[in-house]
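Look at the chain from end to end before reading on. The paragraphs below go from the whole fold to single residues.

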Amino acid sequence: MLELAILGLLQEAPVHGYELRKELGLRLGGFRLFSYGSLYPALRRLTRAGLIVEDPELPAPETGSWSRRSRRVYRITAEGKERLAELLSESGPHAWDDEGFGVHLAFFSRTPAEARVRILEGRRRAVEERREGLRAALGRAREQIDNYTQQLHQLGLDSCEREVRWLNELIATERAAQTDTDKTTNKTDQQDRHQEYERRSHHE
């Protein structure tokens, strides 16, 4: 998931490592926070793999300023762009689990429509299973746990309910957009066939 996040951000513009970490925090919001401890080893791995490269930045002109030290700017390579396209198209369980869903969602605008729907539906199934498990556990343990523990379980259950409703809305929006696209494509195909028919009729 960190590989996807780094490549996705570098696809937009080259950035420094420090700025990259800040951008990851801004883009992913509350879903995920990455530390320097995980970020820089990932950058080194991607560099060795040829997916990104480091370019030295020219030092700032101010004499004695700490910013005069050369910093490295990371940018994505052509191979990195190909790898990013592969990662965005993946829609297996890793794309909708707690570890990966937020990262994929952050780059949904560049994810193929079919993959978006599969990820959202997979996430909905996972959250629905979690919701049913919480319901069953709460029902079994209601007489055995105190009120505070019950409230904790209820909080998790309510969170699942909200996420399922939210996912339902996203899936409905995706499907409506896909239907509109299909209608437009069919209309264009019909117009092309009609123009081809008229062209042939004219020549005959």
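Of the contacts in the chain between residues with a separation of 6 or more, 62% join residues that are 24 or more positions apart. The model is a predicted one. Its secondary structure comes to 8 helices and 3 strands, and along the sequence these follow the pattern α-β-α-α-β-β-α-α-α-α-α. The chain has 204 residues, and 30% of them are buried. About 13100 Å² of the chain is exposed, with carbon and sulfur atoms supplying 51% of that area.

Start with the sheet. Its 3 strands are arranged in the order E1-E3-E2, the sheet is open, and the pairing is antiparallel. Strand E1 (15-16) and strand E2 (52-56) stand at the edges; each has a single partner strand, so one side of each is left without a neighbour in the sheet. In general, strands of a sheet pair through backbone hydrogen bonds, and the pairing can be parallel or antiparallel. Between E2 and strand E3 (residues 72-76) there are 5 bridges, in the antiparallel sense. One residue to find here is Ile52, which stands opposite Ile76 in E3.

Now turn to helix H1. H1 lies across E1, E2 and E3, and runs at about 95° to E3. How many of the 11 residues of helix H1 are buried? The count is 8, so the helix, which covers residues 2-12, is largely enclosed by the rest of the structure. The buried residues are Leu2, Leu4, Ala5, Ile6, Leu7, Gly8, Leu9 and Leu10.

Several of these names return in the nonpolar core. In soluble globular proteins, nonpolar side chains tend to be buried together. The largest nonpolar core in this chain has 24 residues, and those with the most contacts inside it are Ile6, Leu7, Leu10, Leu20, Leu43 and Ile52. At least two residues of this core come from each of H1, helix H2 (17-28), helix H3 (36-48), E3 and helix H4 (78-89). H1 gives the largest share, 7 residues. Leu7 can serve as an example: leaving aside its neighbours within four places in sequence, Leu7 is in contact with Leu46, Leu51, Ile52, Ile76, Gly80, Arg83, Leu84 and Leu87. Apart from this core lies another, of 11 residues, among them Phe108, Val127, Val164 and Leu167.

Leu87, in the list of contacts of Leu7, lies in helix H4. Is Leu87 buried or exposed? Its relative accessibility is 8%, so Leu87 counts as buried, the cut-off being under 20%. Leaving aside neighbours within four places in sequence, Leu87 is in contact with Glu3, Leu4, Leu7 and His104. Leu87 and Ala5 are 82 residues apart along the chain, and their C-alpha atoms are separated by 9.9 Å.

The last stop is Arg123, in helix H7 (residues 113-141). Arg123 has a relative accessible area of 6% and is therefore buried. Which side chain makes a polar contact with the side chain of Arg123? The partner is Glu163, at 2.7 Å. Leaving aside neighbours within four places in sequence, the residues in contact with Arg123 are Trp96, Asp97, Asp98, Phe101, Arg130, Glu163 and Leu167. One of these, Leu167, is also among the residues of the 11-residue core.

Terms used: Residues are numbered from 1 along each chain as its sequence is written. This is a predicted model: local features need pLDDT of at least 70, side-chain atom pairs count only at pLDDT 80 or more; totals for chains, interfaces and linings use all residues. Side-chain values use heavy atoms; hydrogens and water are left out. Buried means under 20% relative accessible area, exposed over 50%, partly exposed in between (1.4 Å probe, protein chains only). Helices (H or I, at least four residues) and strands (E, at least two) are DSSP runs, numbered from the N terminus. Two strands pair if DSSP finds at least two bridges between them. Contact means heavy atoms within 4.5 Å. Axes are lines fitted to C-alpha atoms, for helices over the stretch in contact, and angles run from 0 to 180 degrees between N-to-C directions. A polar contact is a pair of N or O atoms within 3.5 Å; within protein, one must be able to donate a hydrogen and the other to accept it, and residues adjacent in sequence count only if both atoms are side-chain atoms. Accessible areas come from the Shrake-Rupley method with a 1.4 Å probe; for residues, only the protein chains shown count as cover. A nonpolar core is a set of buried Ala, Val, Leu, Ile, Met, Phe, Trp, Tyr and Cys residues joined through side-chain atoms within 4.5 Å.
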